[in-house]
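Let's take a walk through this protein, from the overall layout down to a few odd spots in the backbone. Keep the structure open while you read.

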Amino acid sequence: MSKSTPTSKSAPKPASKSAPKPASKSAPKPASKSAPKSKPILIVSGVAVAAVLLGVVSYTATRPASPGSPGSSAVAEVSADPSAGVYAELEAYARRDASDKLALGRADAPVVLIEYADFKCGYCGKFARDTEPALVKQYVDNGTLRIEWRNFPIFGEESEAVARASWAAGQQGRFWEFHKAAYAEGAKEKGFGKDRLAALGKEAGVPDAARFAKDTDGEAAREAVRKDQEQGYSLGATSTPSFLINGRPIAGAQPLETFTEAIEAAAQAAPKKTAPKKAGQ
């Protein structure tokens, strides 16, 4: 993946396009005012710092560079220090719910990657096709990593509809198959109208098409998507994809190495589990 393929076009844009100044943990900045007024802002303490990082950095430091511009690398900074850029308050955003149908990996995995994404986002699709499978093979399969999906539709009605459809597919155990179909090369160009969603459900192997259609338009799906959206807005996320890795924000579809370094650092810093003692010991 190119190092200059970061976030999608943001919506809404942050107030300032100037490069963000380093955030101070002792005096956190207030939450970005760019989030719609209807979205509750829940940012406090270290979460405010992350709001600046996700809200401003995701648009400025990781926006697509102009062709031919010098120094166009947009790799998120990952320090060798496993605690650098980590905010303890943000670790609590991981649900670790074993019944979560929109999650992949062990609920007790030492590292949790939370992704806030939109199915109409081209960079999200690139991450899904080029980077995520490698992370699953390298870290999810061996129990190190858990991936938790958050629907963060920011591109209008079709974004909202496909987000609800993904949730509906999850209710029948086919979220990740739907995710793969919706992010396939060229899929978003076909749109996400009602007929298209039905076709994606069929491609994903959703067994009950009638239930899928009903769930997609149901209040439970709307509420689930709304809950995910509000969490993303509370963090100051203004573009997709945005990530948290054990409380460390990463903005944009960064190169694989950015994620592997962050996961390795998080795994190193995670409390080590001790084996249970055998009887008589």
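What percentage of the 281 residues of the protein count as buried? It comes to 49%, bearing in mind that this is a predicted model. The protein has 9 helices and 5 strands, and along the sequence they follow the pattern α-α-β-β-α-β-α-α-α-α-α-β-β-α. Of the contacts with a separation of 6 or more, 81% are between residues 24 or more positions apart.

**The sheet**

The 5 strands form an open sheet, ordered S1-S3-S2-S4-S5, with mixed pairing. S1 (103-104) and S5 (248-251) stand at the edges with a single partner strand each, so one side of each has no neighbour in the sheet. As a reminder, strands in a sheet pair through backbone hydrogen bonds, either parallel or antiparallel.

Strand S2 (residues 111-117) gives you both kinds of pairing. S2 pairs with S3 in the parallel sense over 7 bridges, while 4 bridges join S2 to S4 (residues 242-245) in an antiparallel run. Leu113 is a handy residue to click on: its bridge partner in S3 is Ile147, and its bridge partner in S4 is Ile245.

How many of the 7 residues of S2 are buried? The count is 7 of 7, and both faces of the strand are covered. Val111, Leu113, Glu115 and Ala117 sit on one side, with Val112, Ile114 and Tyr116 on the other. Note that Glu115 is among the buried residues.

**Helices on and around the sheet**

Helix H8 (residues 219-234) packs on the sheet, where it touches S2 and S3, and its direction makes about 105 degrees with that of S3. Helix H5 (residues 175-182) lies across S1 and S3 (145-151), running at about 65 degrees to S3.

Now for a helix pair. H3 (residues 122-140) and H9 (residues 256-269) pack at an angle of about 30 degrees, with axes 10 Å apart. Why do they count as roughly parallel? An angle under 35 degrees is what that label requires, and H3 and H9 therefore qualify. H3 passes H9 in a right-handed crossing. On the H3 side, the contact uses Phe127, Thr131, Ala134, Leu135, Gln138 and Tyr139, which meet Leu256, Phe259, Thr260, Ile263 and Glu264 of H9. By class, that contact has 7 nonpolar, 3 polar and 1 charged residues.

**A buried alanine**

Ala163 is found in helix H4 (residues 157-171). Is Ala163 buried or exposed? With a relative accessible area of 2%, Ala163 is buried. Leaving out residues up to four places away in sequence, Ala163 touches Phe119, Asn151, Pro153 and Val225. Ala163 and Thr216 are 53 residues apart in sequence, but their C-alpha atoms are 8.6 Å apart in space.

**Backbone oddities**

Most residues other than glycine have a negative phi, and most peptide bonds are trans. Here are two residues with a positive phi:

| Residue | Phi | Loop | Relative accessibility |
|---|---|---|---|
| Arg96 | near 50 degrees | between H2 (88-91) and S1 | 32%, partly exposed |
| Asn246 | near 50 degrees | between S4 and S5 | 13%, buried |

Which two residues does a cis peptide bond join? They are Thr240 and Pro241, with omega at about -5 degrees. Pro241 lies in the loop between H8 and S4.

Technical notes:
Residues numbered from 1 in each chain as written. Predicted model: local features only at pLDDT ≥ 70, side-chain atom pairs only at ≥ 80, totals over all residues. Heavy atoms only, no water. Helix = DSSP H or I, 4+ residues; strand = E, 2+ residues; numbered from the N terminus. Buried < 20%, exposed > 50% of the residue type's maximum accessible area, 1.4 Å probe, protein only. Contact = heavy atoms within 4.5 Å. Axes fitted to C-alpha atoms, helices over the stretch in contact; angles between N-to-C directions. Parallel < 35°, antiparallel > 145°, perpendicular 65-115°, else oblique. Left-handed = near helix turned anticlockwise from the far one by under 90°. Nonpolar A, V, L, I, M, F, W, Y, C, P; charged D, E, K, R; others polar. Pairing = 2+ DSSP bridges.
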